[in-house]
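Reader: I'd like a close look at the cysteine cross-links in this one. Could you walk me through how they are paired and how much of each is open to solvent?

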Amino acid sequence: MVGVAALALAAPPPGARADDDAGSTRAQMTCERVEAPGRVRCDVEAHVGPGESISWGDVVIVRTPPFVGALRGRIGPHDATTHEVDVWRWALALFARDRGSGDVEGRVRLVVCRDGKCGPREVGVTGHVVVGP
């Protein structure tokens, strides 16, 4: 089973108007449910709006529940499993030391381009981890 993920929005790139639909950057994190302590896989996916493209991105783990640790705190652009123009995906691994449930918080950092202008964006993501029945 997959945990529920949170969605977040970020500011549009330089030159974009606040009322422009293209400022609709969103990201989500989903984590598999596991029955016993050990490896937990999570996936992070970032999307940008129509007419925008992602030129760079990474995922930083900001906080984990006490029973879980991150095997790596940052998953870089070369580790992305998908590099489409408007969608990037990353897979990351956590290690559960004990049973429990809680939220893993991360931050997706992107460089988003539109009409030849690029700028940074950050999107917070939260994935729910469940270890045990």
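Author: Let's start with Cys-118, which is partly exposed, with a relative accessible area of 44%. Keep in mind that this is a predicted model. The partner of Cys-118 is Cys-113, and the S to S distance between them is 1.9 Å. Cys-113 sits on the other side of the burial cut-off: its relative accessible area is 12%, and buried means under 20%, so Cys-113 counts as buried. At 44%, Cys-118 falls between that 20% limit and the 50% above which a residue would be called exposed, so "partly exposed" is the right label there. As for handedness, the torsion about the S-S bond of Cys-113 and Cys-118 is 105°, and the link is right-handed.

Is that the whole story? A search of the whole structure turns up two disulfides. The other one ties Cys-31 to Cys-42, with 2.1 Å from S to S. This pair bridges distant parts of the chain: Cys-31 belongs to strand β2 (residues 26-31), Cys-42 belongs to strand β3 (residues 38-47), and they are 11 residues apart. Here the torsion about the S-S bond is about 105°, so the disulfide of Cys-31 and Cys-42 is right-handed. As for solvent, Cys-31 and Cys-42 are both buried.

Now for the pairing pattern. If you number the bonded cysteines of the protein chain in sequence order, you get 1-2, 3-4.

How values were computed: Residues numbered from 1 in each chain as written. Predicted model: local features only at pLDDT ≥ 70, side-chain atom pairs only at ≥ 80, totals over all residues. Heavy atoms only, no water. Disulfide = S-S within 2.5 Å. Helix = DSSP H or I, 4+ residues; strand = E, 2+ residues; numbered from the N terminus. Buried < 20%, exposed > 50% of the residue type's maximum accessible area, 1.4 Å probe, protein only.
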